[in-house]
Amino acid sequence: MKTYTLKTEEIEHRWWVVDAAGQPLGRLASRVAQILRGKHKPTFTPYVNGGDCVIVVNAERVKLTGRKVEQKRYFRHTGYMGHERFTPVQKMLSKHPERVIEKAVWGMLPKTTLSRQHVKQMLKVYAGPTHPHAAQQPTPLVAVEA
């Protein structure tokens, strides 16, 4: 049996919509990362962008298990010595709930230029229940059980 390699002209991107309401953040992010990379397809090739586009709605209602609401913090550095900034997840959920899911999905992907394309071009996250991608006719993705 010969090894199959996906070619760029054979790529077909589907659109999926995921409702994040009440779903655990980590399980949701790992499932979305699999769809973005295309690991759910039998034609998966690691160096070809053969994944699907994912729309995540209700990002503000994602569930954090355990004591993550009080303990989880996001780190960033300004570039100056000693200027580390920590943002609590509670503040991030209230101001920018989309970023919480984007950061979780980014953490599940390998740090390559291809993964950067996945997050920037193929992942669409919205805080509320509506999205402007109805023309793509997205298919609802089966919910991840807790």
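The face of α5 turned away from its buried side carries three exposed residues, namely T113, K120 and Q121. This report, which concerns a predicted model, starts from that helix and then turns to the core, the chain as a whole and a few individual residues.

**The helix α5 and its two sides**

The buried residues of α5 are L114, S115, H118, V119 and M122. These residues lie on the same side of α5, because they cover an arc of only 140° around the axis. The general geometry of helices helps to explain such a pattern: an α-helix has 3.6 residues a turn, so residues three or four places apart point the same way. The cover over the buried residues of α5 includes α1, β2, α4 and β5.

**The nonpolar core**

The largest nonpolar core of the model contains 34 residues. Within this core, the residues with the most contacts are V32, V54, V56, I101, V105 and L123. Two or more core residues come from each of the elements β1 (15–19), α1 (25–37), β2 (53–57), α3 (89–95), α4 (97–108), α5 (113–122) and β5 (123–125). The largest share belongs to α1, which supplies seven residues.

What surrounds V56, one of the residues with the most contacts inside the core? When its neighbours within four places in sequence are left aside, V56 is in contact with V18, A20, V32, I101, L123, K124, V125 and Y126.

**The chain as a whole**

The secondary structure of the protein chain consists of five helices and six strands. Read from the N terminus, the order of the elements is β-α-β-α-β-β-α-α-α-β-β. The C-alpha trace spans about 55 × 35 × 30 Å along its principal axes. Of the 146 residues in the protein chain, 36% are buried.

Many contacts link parts of the chain that are well separated in sequence: among contacts between residues at least 6 apart, 70% join residues at least 24 apart. The accessible surface of the protein chain comes to about 9,300 Å², and carbon and sulfur atoms account for 51% of this area. As for charge, the protein chain has 24 positive and 11 negative side chains, and the centres of these two sets lie 7 Å apart.

**Three individual residues**

The table lists the relative accessible area of three residues and the class to which each belongs.

| Residue | Relative accessible area | Class |
|---|---|---|
| R14 | 37% | partly exposed |
| N58 | 7% | buried |
| Q137 | 66% | exposed |

R14 is found in the segment before β1. Not counting residues up to four places away in sequence, R14 touches D52, C53 and T139. R14 and H83 are 69 residues apart in sequence, and the distance between their C-alpha atoms is 42 Å.

The backbone angle phi deserves attention in the other two residues. Most residues other than glycine have a negative phi. N58, which is not glycine, has a positive phi near 60°. N58 lies in the loop between β2 and α2 (68–71). N58 counts as buried because its relative accessibility of 7% falls under the 20% cut-off.

Q137 is likewise a residue other than glycine with a positive phi, here near 50°. Its place is in the loop between β5 and β6 (139–140). Is Q137 buried or exposed? Q137 is exposed, because its relative accessible area of 66% is over 50%.

Notes
Residues numbered from 1 in each chain as written. Predicted model: local features only at pLDDT ≥ 70, side-chain atom pairs only at ≥ 80, totals over all residues. Heavy atoms only, no water. Core = buried A, V, L, I, M, F, W, Y, C linked by side-chain atoms within 4.5 Å. Buried < 20%, exposed > 50% of the residue type's maximum accessible area, 1.4 Å probe, protein only. Helix = DSSP H or I, 4+ residues; strand = E, 2+ residues; numbered from the N terminus. Contact = heavy atoms within 4.5 Å. Areas by Shrake-Rupley, 256 points an atom, 1.4 Å probe, with all protein chains shown as cover. Lys, Arg positive; Asp, Glu negative; His and termini not counted. Charge placed at Lys NZ, Arg CZ, Asp CG, Glu CD. Arc of directions from axis to C-beta.
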